[in-house]
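Work through the two exercises below with the model open. Each task is followed by a stepwise solution.

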Amino acid sequence: MAVSRLSYLSIRALDLAASEKHYTEVIGLRVTGRSPGQVYLQAHEAQDHHCIILNASDRAGLDHVGFKVNDPNDLNEAEAGAKAWGLKTHRIAAGNIMGQGEGLGIELPSGHTFNLFYHSEKVGYSYGMKDPDIILENLNGVWPVTHLDHTLLAGNDCDKTAKFLQEVLDFNLTECIHGPDGSPFAFFLTVSNTIHNVAFAPGPPNSLHHIAFYVSDRADVIRRVDMLKHRKVATFDYGISRHGVAGVTTVYFHDPSGNRNEFQCGVYEASVVRNKIPPIVWAGENIPRGVFYYESAVLANFFEVVT
Ligand SMILES: [Fe+2]
């Protein structure tokens, strides 16, 4: 069983046109497909068909998360593993999601649905696949992100969810936050050498805390605050800060539906060898430093506001 990477988030949009404008002009993605009520988007430097699917909806939040696997047979193995854990699964026919082969939906204890799939249509780099240049023309003040990096999901049974991802889907646990009573409650998991592809913290079932996009360097995070202000993007929780967890430089803001976004840079490299290195553990009393390292405090609405 081998999940190779976080591939995409399928999210809900209250105003599809406003969300498309946000994810193309503020985040700097390109449109790679459209169907009635849906817009598919991908970073300019990524190959798979999409990293964000916008779905017209009467509420904000998450539809599902997509992860790519290394072999078509991994779907059968994951299906058997999920059923052994008593989790509901369903098959998603090839082509049901644009540019994508057959998928396996798994309903996690946290309430979220992961869609595992093998085949993704390749859209090519915007810089070109033959004799590429290093400058993209006609961006008109848009600063592209490099890629979709991770998501923090809020839900119930995070402990059980993290265990399932480690034991059945071969995720590595890289960092873990303990509560005041010493029991673990927030989990940071990866399938690659980035510190987290997905994280889980307690909250209402099937909730989205944030979607993080990687930018080129730490100064770029700072520079993008100018752009957020210029484009009058909705409020962000703190200004520029740094997480103790993962060590990244970060800024948060919201898309037009209220879904929280993050620009971040500066992660350390995690081991790609499973269970080789024990997770970093944050004790309950150090949660504020782990979450916002500079401020050593967490705004009340940071964990409470989810979509
Ligand atoms: Fe994040």
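Two strands pair if DSSP finds at least two bridges between them. Strands (E, at least two residues) and helices (H or I, at least four) are DSSP runs, numbered from the N terminus. This is a predicted model: local features need pLDDT of at least 70, side-chain atom pairs count only at pLDDT 80 or more, and totals for chains, interfaces and linings use all residues. Residues are numbered from 1 along each chain as its sequence is written.

**Exercise 1.** Trace the open sheet and place the helices that pack on it.

Step 1. Read the strand order: β14-β15-β16-β13-β9-β12-β11-β10-β17, nine strands with mixed pairing.
Step 2. Find the edges. β14 (241-242) and β17 (280-282) each pair on one side only.
Step 3. Take one pair. Strands β9 (147-155) and β12 (198-202) run parallel, joined by five bridges. In this pair, Gly-155 faces Pro-202 of β12.
Step 4. Add the helices. α3 (158-167) touches β9, β10, β11 and β12, at about 25° to the direction of β11. α4 (218-230) touches β15 and β16, at about 25° to β15. Contact means C-beta atoms, placed from the backbone, within 7 Å. Axes are lines fitted to C-alpha atoms, for helices over the stretch in contact; angles run from 0 to 180 degrees between N-to-C directions.

**Exercise 2.** Describe how domain 1 meets domain 2.

Step 1. Set the bounds: domain 1 is 3-117 and domain 2 is 147-304, from an automatic or database domain assignment.
Step 2. Count. Domain 1 gives 35 residues to the contact and domain 2 gives 34.
Step 3. Locate the domain 1 side. β1, α1, β5 and α2 each give two or more residues. β1 supplies the largest share, nine residues.

Technical notes:
Contact = placed C-beta atoms within 7 Å.
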